[in-house]
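Here is a set of short exercises to work through with the model open beside you. Try each task before you read its solution.

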Amino acid sequence: MVNTVVVEKPQLLSAEDRLSQSGLSAQVGLLIGKLSPTLDRGFIFDFIPTPQNDAGEAACSVSKDDKKKPPSKSKSQPSDSISLVIDKDWIAEHARQVSRMLLGGIKVVGIYVWATDSAFKNSTIELCQTVNAAAKAVPILEIDSDERLLVHIGYSPRRYTCRNCTITSNITSSCLRPCDLKTGLVLKTLRTFKCTYNFSLRLPIRLVGASNTQTFSDILRQGISVHANELRGAKAVVDGNFVVNDEPCSTDGLHEVELLLPLLNDTSAEACSQKDVVGLLILSGSVCSFAFLTPKEPISQAFSEIKGDIIMSLQSRLDVICDEVDEDLAPTASGGEEASNEKPVSKLILHSLRKTCGLSFPRRVFVPWLADTYICDYLQPSETLEVLKEHCVELMSMEALSDSSSILDVDVEAPSVISKSFWDVVVPFSSGGSSSSSASKGIETSKEKTEDPVKTANFNIMAAVFFLLLSILVGFVLIAKKL
């Protein structure tokens, strides 16, 4: 349970200056930081204002009875007439997109609101619902916590209050609990961990009924979820040393982490026993991951954050592809007959496909953020660094990046992979397989009709057994003649 929250002092002062000079009567934004269940503390690193929606409207405004900002030295207006109007869906969408840009150990931990005391008190339920919506849009991995933070920055009078908000389906005013708010310098003390994780996943394509079809993205999402459970059991090596004692990391600098997965049954071998398997989807590549820890957190927390960041990175790349496809498929006034003739790869029904197809994931690019920390973004092959700079300004409220040399593009190309039908994997050389190479996070899929391969496989097995027995018999005969 979070009882104390430490706010990065320079960022708090910067947010205060920005809000006081904005002339706004109300504003809502995201709190970026981390919740540490082992320390019973929360940390706030930055205050990110939610941008205007597509219609150019602010995410938060004061009710019609209080349009104008009240002067600081005037009699207070009747509190019953003052409340906040909040676009919860838009704030949740902002939280979802910002969470893609954050690395291990740094999350969206709540929201802040800039408003008068009376407006805040009359909008308690509305604010709890907003915190709840943002929390559902951004689940915090590896932390079994139902807590988020709500910070009120009041300007009449000027003061700060922090509350711990319990995430629940039954939202009442009792969900808010006050907690201590302190200022400090935490970012410069964070410990940095880096891991380059190479992977190769083989996901079975199963034959399902017409009413239960699985698309390319469905199988990928399910496979990533399964791999997340496997990754939780991985052991870690830090700077070449196997970690035995779960103690805080006492040294500064960059720490290299290597994950060691336990020996598992091959997914493709396991799939061989499934009669409804008609193909394989192969996902392979490399993920560069960062995690940041406070000096008092145990080193095992760094491993959990690294593992969570790897899975979040794969899921975020898939979400970027699906979001782009949904935008392309949206109806337009000009019409798009040419685009609608060919279905995108992520929407393909794989068990009915009769050809090999491939898909490249967006690459991950790292951008310097506060102190020595980084944030990231995902770029499609056709996108340039200008898209990254726009996202940083719009979503993270950063100044425009003038120096591109500080951007880290560390995604490396994956080795070449061979995409084969399912029965090519089970029985090599039973039929001609097609090969292709893929870039980082490349995905390959191939399938064939199952009837002919089954017959061929059975024939090959029987022929192999026959020749084995024949060779043994001939050997015995030759030995007998020599004797």
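**Exercise 1. A strand and its neighbours**

Which residue in β3 is the bridge partner of Val-5? Then work out how β1 is paired and how far it is enclosed.

*Solution.* A word on the source before we begin: this is a predicted model.

Step 1. The bridge partner of Val-5 in β3 is Gly-42.

Step 2. Widen the view to the whole pairing: β1 and strand β3 (residues 41–49) run parallel and are joined by 4 bridges.

Step 3. Now look at strand β9 (residues 176–184), which is also parallel to β1 and is joined to it by 5 bridges. Here Glu-8 stands opposite Gly-184.

Step 4. Turn to the side chains. In a regular strand they alternate between the two faces of the sheet. In β1, one side carries Thr-4, Val-6 and Glu-8 and the other carries Val-5 and Val-7; all are buried, so both faces are covered.

Step 5. Draw the conclusion: because 5 of the 5 residues of β1 (residues 4–8) are buried, the strand is largely enclosed by the rest of the structure.

**Exercise 2. Closing the barrel**

Trace the barrel to which β1 belongs, then place the helices that lie on its strands.

*Solution.*

Step 1. Follow the order β1-β3-β2-β6-β7-β8-β9: these 7 strands make a closed barrel with mixed pairing. From one strand to the next, the twist averages 35 degrees.

Step 2. Check one of the pairings. Strand β6 (residues 107–114) and strand β7 (residues 147–155) are parallel, with 5 bridges. In this pair Trp-114 stands opposite Ile-153.

Step 3. Add helix α4 (residues 124–137), which packs on the sheet and touches β6, β7, β8 (158–166) and β9. Its direction makes about 155 degrees with that of β6.

Step 4. Add helix α2 (residues 88–100), which lies across β2 (27–36), β3 and β6 and runs at about 45 degrees to β2.

**Exercise 3. Two helices side by side**

Describe how α2 and α4 pack against each other.

*Solution.*

Step 1. Two packed helices are described by the angle between their axes and the distance between the axes.

Step 2. For α2 and α4 the angle is about 35 degrees and the axes are 8 Å apart. Their crossing is right-handed.

Step 3. List the residues that meet. From α2 come Lys-88, Ile-91, Ala-92, Ala-95 and Arg-96; from α4 come Glu-126, Gln-129, Thr-130, Ala-133, Ala-134 and Ala-137.

**Exercise 4. The nonpolar cores**

Which residues in the largest nonpolar core touch the most other members?

*Solution.*

Step 1. This core has 59 residues, and Leu-30, Ile-32, Leu-84, Ile-111, Trp-369, Ile-375 and Met-396 touch the most other members. Helix α9 (residues 385–396) gives the largest share, 5 residues.

Step 2. Take Ile-32 as a test case. Beyond its neighbours within four places in sequence, its contacts include Phe-43, Phe-45, Val-98, Val-109 and Trp-369.

Step 3. Apart from this core lies another, of 38 residues, among them Ile-224, Ala-234, Leu-283 and Ala-302.

**Exercise 5. Helix α5**

Is Ser-225 in α5 buried or partly exposed?

*Solution.*

Step 1. Locate the residue: Ser-225 is in helix α5. This helix (residues 216–232) has 17 residues and spans 25 Å from its first C-alpha to its last, close to the expected 24 Å.

Step 2. Read off the accessibility. Ser-225 has a relative accessible area of 40%, so it is partly exposed. Among the buried residues of α5 are Gly-223, Ile-224 and His-227.

Step 3. Look across the chain: the C-alpha atoms of Ser-225 and Ile-311 are 8.0 Å apart, although the two residues are separated by 86 residues along the chain.

**Exercise 6. A hairpin**

How many residues lie between β16 and β17?

*Solution.*

Step 1. Strand β16 (residues 363–368) and strand β17 (residues 374–379) are antiparallel, with 6 bridges. Within this pair, Phe-366 has Cys-376 as its bridge partner.

Step 2. The two strands form a hairpin with 5 residues between them. In the turn, Ala-371 has a positive phi of about 55 degrees.

Key. Residues numbered from 1 in each chain as written. Predicted model: local features only at pLDDT ≥ 70, side-chain atom pairs only at ≥ 80, totals over all residues. Heavy atoms only, no water. Buried < 20%, exposed > 50% of the residue type's maximum accessible area, 1.4 Å probe, protein only. Pairing = 2+ DSSP bridges. Axes fitted to C-alpha atoms, helices over the stretch in contact; angles between N-to-C directions. Contact = heavy atoms within 4.5 Å. Expected span 1.5 Å × (residues − 1). Core = buried A, V, L, I, M, F, W, Y, C linked by side-chain atoms within 4.5 Å. Left-handed = near helix turned anticlockwise from the far one by under 90°.
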